[in-house]
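Here's a walk through a protein model, going from its strands to its metal site and its charged pairs. Have the structure open beside you as you read.

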Amino acid sequence: MEGNMRALVKHHAGFGAELREVPIPAVGPGEVLVKVQATTICGTDVHIYTWDEWAASRVQTPMVFGHEFSGIVVERGAGVSHLQVGDHVSAETHIVCGHCPQCRRGEAHVCANTKIIGVDTQGCFAEYAVMPAENLWKNDPELPPEMASAMEPLGNAVHTALSGPIAGRSVAVIGCGPIGVMAVAVAKASGASAVIAFDINEYRLQLAKTMGATHLVNSREEDPVAEAKKLTGGEGVDVVLEMSGNAVAIKQGFSMLTYGGRISMLGLPTQPIELDITNDIVFKGAQVHGIVGRRMYQTWQQTAGFLNSGQVDLAPMITHRFSLEDYAQGFEQMVSGHSGKVVLYP
Ligand SMILES: [Zn+2]
Ligand SMILES: [Zn+2]
């Protein structure tokens, strides 16, 4: 498609971004052009917007950023046959190589050659985005665009929660940012006997409650390990979903885990941290799962199942909506910690 489009460009190696007119990207073989209907802001985008150390070390400017979106296919490149113009789609944001040992054995989520949309390649905070066709997930056209956009982070929550059994078990969700809150909903929908949400932010705890948490613990006001033990008859929780990346909270997560329990870790500490491996992992027989991305494409099937059946309803946690022009307000809202998912409509 010829012409220009509005796009949010990370224009320099510093704070902020700029809304610009840029050419609509050309569609290559195996790719499709998507007219973007909704995008959602991820924590990663906030790192890029505010330009922290990680962003400075990884991102090349100028670049259109953003990776969570939904839209409609408007053009197909050569060799694309499984998608039609008019299809409603979301995107798996990890572009994988397809030929490394991990990809070849069906573990593409840990492909060492992964490129991330909007970090390593042109992103979606724009009117149009070009994507590899094989990264697109076809949606029910009835699914609201902002929910379809949030399928990607919901997939992180699904992958983390369902990396082991949940039904009938007590679950601790540590860290109630958007993915943590989604994990609360997934654990509840999957039959957890209790879903205990931990955070130090009261707004986020209330959001976790709305999304199905059975107990809330403000870790600044109460001892999280003592509370977890109290709520599980002294045993400790069966499953810990670690979403905070906070060193203190991670240690508390290991301490509150029951013998033989499972801790699935998605949160990213910025520094190496000390753990009591002897007592908290080895003698406990703990299962420790590192979770990255979404399994391709089992996680997407599960995620679509939760959304389409209504077992997980994201509506209460989509708290703010702005047009792409008002991106600065969207990012401010994200930084404030007083938001669930923030949507930008191009
Ligand atoms: Zn993201
Ligand atoms: Zn690979």
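Let's start in the sheet: R262 has Q287 as its bridge partner in β16. To get from β15 to β16, the chain passes through helix α10 (residues 277-282), and this β-α-β crossover is right-handed. Four bridges join β15 to β16, and the two strands run parallel. Keep in mind that this is a predicted model.

On to the other pairing of β15. Strand β14 (residues 237-242) is joined to strand β15 (residues 257-265) by five bridges, and these strands run parallel as well. If you want a spot to zoom in on, V240 has I263 as its bridge partner in β15. Here too there is a helix in the path: β14, helix α9 (residues 247-256) and β15 make up a right-handed β-α-β unit.

Helix α10 is worth a second look. V282 is found in this helix, and with a relative accessible area of 55% V282 is exposed. Together with L275, I277 and F283, V282 makes a nonpolar surface patch of about 400 Å².

Now for the metal. Which residues coordinate the zinc ion (ligand 1)? The donors are the SG atom of C42 and the NE2 atom of H67, at 2.0 to 2.3 Å. The two residues come from distant parts of the chain, 25 residues apart: C42 sits in the loop between β3 (31-40) and α1 (43-50), while H67 sits in the loop between β4 (63-64) and β5 (68-76). Both of these residues are buried. Water is not among the atoms, so the site may look incomplete.

Next, the charged pairs. The count comes to twelve salt bridges, and three of them are set out here.

| Acidic residue | Basic residue | Closest N and O atoms |
|---|---|---|
| E92 | R294 | 2.7 Å |
| E107 | R295 | 3.0 Å |
| E227 | K230 | 3.2 Å |

Take E92 and R294 to begin with. E92 lies in the loop between β6 (88-91) and β7 (94-95), and R294 in the loop between β16 (287-290) and α11 (298-309), so this salt bridge ties together parts that are 202 residues apart in sequence. Are these partners buried or exposed? E92 is buried, with a relative accessible area of 0%, and R294 is buried too, at 1%.

The loop between β16 and α11 also holds R295, whose partner E107 lies in the loop between α3 (101-104) and β8 (115-116), so that pair ties together parts 188 residues apart in sequence. Here the partners have some exposure: E107 is partly exposed at 24% relative accessibility, and R295 is partly exposed at 25%.

The E227 and K230 pair is a local affair. Both residues lie in helix α8 (residues 224-231), three residues apart, which is about one turn of the helix. Why does E227 count as buried? Its relative accessibility is 15%, and buried means under 20%, so E227 falls in that class. K230, in contrast, counts as exposed at 62% relative accessibility.

One more item on charges: R6, E127 and E325 are joined into one network by salt bridges that share partners.

Technical notes: Residues are numbered from 1 along each chain as its sequence is written. Chains are lettered from A and ligands numbered from 1 in the order in which they are written. This is a predicted model: local features need pLDDT of at least 70, side-chain atom pairs count only at pLDDT 80 or more; totals for chains, interfaces and linings use all residues. Side-chain values use heavy atoms; hydrogens and water are left out. A salt bridge is a side-chain nitrogen of Lys or Arg within 4 Å of a carboxyl oxygen of Asp or Glu. Buried means under 20% relative accessible area, exposed over 50%, partly exposed in between (1.4 Å probe, protein chains only). Donors are N, O and S atoms within 2.8 Å of the metal (3.2 Å for Na, K and Ca); water is not among the atoms, so sites may look incomplete. Two strands pair if DSSP finds at least two bridges between them. A crossover is right-handed if, with the strands pointing away from the viewer, the path from the first strand over the helix to the second runs clockwise. Patches are made of residues with over 30% relative accessible area and no salt bridge: like charges are joined within 9 Å, nonpolar side chains (Val, Leu, Ile, Met, Phe, Trp, Tyr) within 5 Å. Accessible areas come from the Shrake-Rupley method with a 1.4 Å probe; for residues, only the protein chains shown count as cover.
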